[in-house]
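Work through these exercises with the structure open. Each task is followed by a solution in short steps.

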Amino acid sequence: MNTVFITGANKGIGFALSKTMAKQGWRVILGARDKAKAESAVSKLKNAGVDNIEYVLVDLEDSNKIKDTLSEIKEKFSSINLLINNAGVPGKHETSLNTELTDLKNTMQVNFFGTFQLTQGLLPLLEKNNGRIVNITIPTKANPFWNPFAYKATKAAQNVMMNSLAIDFTKENRTLEIFSIHPGPTTTDLNGNISAEGFHSPEDVAQKMSSIILDGKSHQGEFFEIYNELEN
């Protein structure tokens, strides 16, 4: 059975992706920081008829805890062939003029450093299984209407990670693939559950994401936009 590990999967897009992927026949490892929230999410999914789901605790803020997560996955889920880097924190939505260094560091730790450490640690296992990595991210081009410095800076770093790994995988003929998906405006905790014109539900974007992930095509180094910021 194909096995996917989805970080930040106890709510929002990650939760919707877990449900969608499981219903497509995948074994899903739900990643969450908090044990109670992970167990609650698994319980909700099982009550919805999803059986092929388990959880692993993953805290991208703590390097040592990431090492524990890597050890557990290697021990229990050696068949993993898909990593979806969905977990992220919004940081304070301040402009560059008002961003505090501590907020930038904390946001960077989760969205980039922790995500990179987890990804790098799983590369040997993913390569053995001809695996793929999918980053849930955003475009970071200049946008005067939406300019949260910390969040955009960390996602820019994550996008560079994707581009660089894709180049190296290709140059070294690795049996690995990485690409990125931007869901577009989605109503989640990350934005305070905004529900406005142009915003979409996690279930909707999860369905569209899974269509790309499961289309059987190679997408090395590609960046997909489900909905861009200006679409309704």
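**Exercise 1. Two asparagines**

Is Asn130 buried or exposed? Compare it with Asn173, and give the backbone angle phi of each residue.

Solution. The model is predicted.

Step 1. Take the accessibility of Asn130. The relative value is 56%. The cut-off for exposed is over 50%. Asn130 therefore counts as exposed.

Step 2. Place Asn130 in the chain. Asn130 is found in the loop between H4 and E5. Its phi is positive, about 50°, although the residue is not a glycine.

Step 3. Turn to Asn173. This residue lies in the loop between H5 and E6. Phi is near 55°, again a positive value in a residue other than glycine. With 68% relative accessibility, Asn173 counts as exposed.

**Exercise 2. The sheet**

Give the strand order of the sheet, and say which strands stand at its edges.

Solution.

Step 1. Read the order. Seven strands form an open sheet, E3-E2-E1-E4-E5-E6-E7, with parallel pairing.

Step 2. Find the edges. Strand E3 (53-57) and E7 each have a single partner strand, so one side of each lacks a neighbour in the sheet.

Step 3. Add the twist. From one strand to the next it averages 20°.

Step 4. Add helices. H4 packs on the sheet and touches strand E1 (3-6), strand E4 (80-85) and E5. The direction of H4 makes about 165° with that of E4. Helix H6 (residues 202-213) lies across E4, E5, E6 and E7, and runs at about 155° to E6.

**Exercise 3. Strand E6 and its partners**

How many residues of strand E6 are buried, and which strands pair with E6?

Solution.

Step 1. Count. Strand E6 (residues 177-182) has six of its six residues buried.

Step 2. Split them by face. In a regular strand the side chains alternate between the two faces of the sheet. Glu177, Phe179 and Ile181 are on one side of E6, with Ile178, Ser180 and His182 on the other. Both faces are covered.

Step 3. Take the pairing with E5. Strand E5 (residues 132-136) runs parallel to E6, and five bridges join them. Ile136 stands opposite Ile181 in E6.

Step 4. Follow the chain between these two strands. From E5 the path goes through helix H5 (residues 149-171) to E6, a right-handed β-α-β crossover.

Step 5. Take the pairing with E7. Strand E7 (residues 223-225) pairs with E6 over three bridges, in the parallel sense. Ser180 stands opposite Phe223 in E7.

**Exercise 4. Rings in helix H4**

How many aromatic pairs does the structure hold, and what are the geometries of Phe112–Phe113 and Phe112–Phe116?

Solution.

Step 1. Search the whole structure. Three aromatic pairs are found.

Step 2. Classify Phe112 and Phe113. The ring centres are 5.3 Å apart and the planes stand at 55°, so this pair is tilted.

Step 3. Classify Phe112 and Phe116. Here the centres are 6.5 Å apart and the planes are at 25°, so the pair is stacked.

Step 4. Check the spacing in sequence. Phe112 and Phe116 both lie in helix H4 (residues 101-128), four residues apart, about one turn of the helix. An α-helix has 3.6 residues a turn, so residues three or four places apart point the same way.

Step 5. Put the rings together. Ring pairs link Phe112, Phe113 and Phe116 into a cluster. Phe113 is partly exposed at 46% relative accessible area. Phe116 is also partly exposed, at 30%.

**Exercise 5. Helix H1**

How many residues of H1 are buried, and what covers them?

Solution.

Step 1. Get the span. Helix H1 (residues 12-23) has twelve residues and reaches 17 Å from its first C-alpha to its last. That is close to the 16 Å expected at 1.5 Å a residue.

Step 2. Count the buried residues. Nine of the twelve are buried. Among them are Ile13, Phe15, Leu17 and Met21.

Step 3. List the cover. It includes E1, strand E2 (27-32), helix H2 (35-47), E3, E4 and H6.

Step 4. Look at Phe15 itself. Leaving aside neighbours within four places in sequence, Phe15 is in contact with Ala9, Asn10, Ala41, Lys44 and Leu45.

Step 5. Leave the helix. Just after H1, Gly25 takes a positive phi of about 95°.

Note on methods:
Residues numbered from 1 in each chain as written. Predicted model: local features only at pLDDT ≥ 70, side-chain atom pairs only at ≥ 80, totals over all residues. Heavy atoms only, no water. Phe/Tyr/Trp six-rings, centres within 6.5 Å; stacked < 30°, edge-to-face > 60°. Buried < 20%, exposed > 50% of the residue type's maximum accessible area, 1.4 Å probe, protein only. Pairing = 2+ DSSP bridges. Right-handed = clockwise from strand over helix to strand, strands pointing away. Axes fitted to C-alpha atoms, helices over the stretch in contact; angles between N-to-C directions. Contact = heavy atoms within 4.5 Å. Expected span 1.5 Å × (residues − 1).
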